[in-house]
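Student: I am new to this structure and would love a guided tour. Could we look at it together?

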Amino acid sequence: MRKMETLLLLSPELSVEEREAVLTNLGEVIARENGTMIEVDQWGMRDLAYPVRKQMRGFYVRLVYGAPSQLVAELERIIRITDGIFKFITVRLADSLDAEKEVA
């Protein structure tokens, strides 16, 4: 299992409940595919350097999780079809994950 990070840019028009629903759905996908959620870091509303879908602001969320290789493809597929997510990027942080150490 690898340690992964996904940075999401969410629509500023999403309410708090809609944002939480999107994050809950992504967490369920990670759990269903035998992944381990380590951290959900909500950076909040930020100004963008250039317009994205005619918006100059966006809500950033950083997900850190342990994932087998097939999970990343499934998670990115779900992200692409989810309304309210403008952009995303996934990065491998480490080749292996010590789950007990990370969760503590």
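Student: Is Arg 53 buried or exposed?
Tutor: Let's begin with the background: this is a predicted model, where local features need pLDDT of at least 70, side-chain atom pairs count only at pLDDT 80 or more, and totals for chains, interfaces and linings use all residues. Residues are numbered from 1 along each chain as its sequence is written, and side-chain values use heavy atoms, with hydrogens and water left out. Buried means under 20% relative accessible area, exposed over 50%, and partly exposed in between, with a 1.4 Å probe and protein chains only. Arg 53 has a relative accessibility of 58%, so Arg 53 is exposed.

Student: Where does Arg 53 lie?
Tutor: Helices (H or I, at least four residues) and strands (E, at least two) are DSSP runs, numbered from the N terminus. Going by those elements, Arg 53 lies in the loop between S2 and S3.

Student: What is the phi of Asn 34?
Tutor: Most residues other than glycine have a negative phi. Asn 34 sits in the loop between H1 and strand S2 (36-52), and is exposed at 56% relative accessible area. Although not a glycine, Asn 34 has a positive phi of about 65°.

Student: Is Leu 23 of helix H1 buried or exposed?
Tutor: Counting contact as heavy atoms within 4.5 Å, and leaving aside neighbours within four places in sequence, Leu 23 is in contact with Leu 8, Val 40, Gln 42, Val 61 and Leu 63. The relative accessible area of Leu 23 is 10%, so Leu 23 is buried.

Student: How do the directions of H1 and H2 compare, roughly parallel or roughly antiparallel?
Tutor: The axes of H1 (residues 16-32) and H2 (residues 69-81) come within 10 Å and cross at roughly 155°. Axes are lines fitted to C-alpha atoms, for helices over the stretch in contact, and angles run from 0 to 180 degrees between N-to-C directions. Angles under 35 degrees count as roughly parallel, over 145 as roughly antiparallel, 65 to 115 as roughly perpendicular and the rest as oblique. Therefore H1 is, relative to H2, roughly antiparallel.

Student: Which elements give two or more residues to the largest nonpolar core?
Tutor: A nonpolar core is a set of buried Ala, Val, Leu, Ile, Met, Phe, Trp, Tyr and Cys residues joined through side-chain atoms within 4.5 Å. This one has 20 residues, and Leu 8, Leu 10 and Leu 26 are among those that touch the most other members. The elements giving two or more residues are strand S1 (2-10), H1, strand S3 (55-67) and H2.
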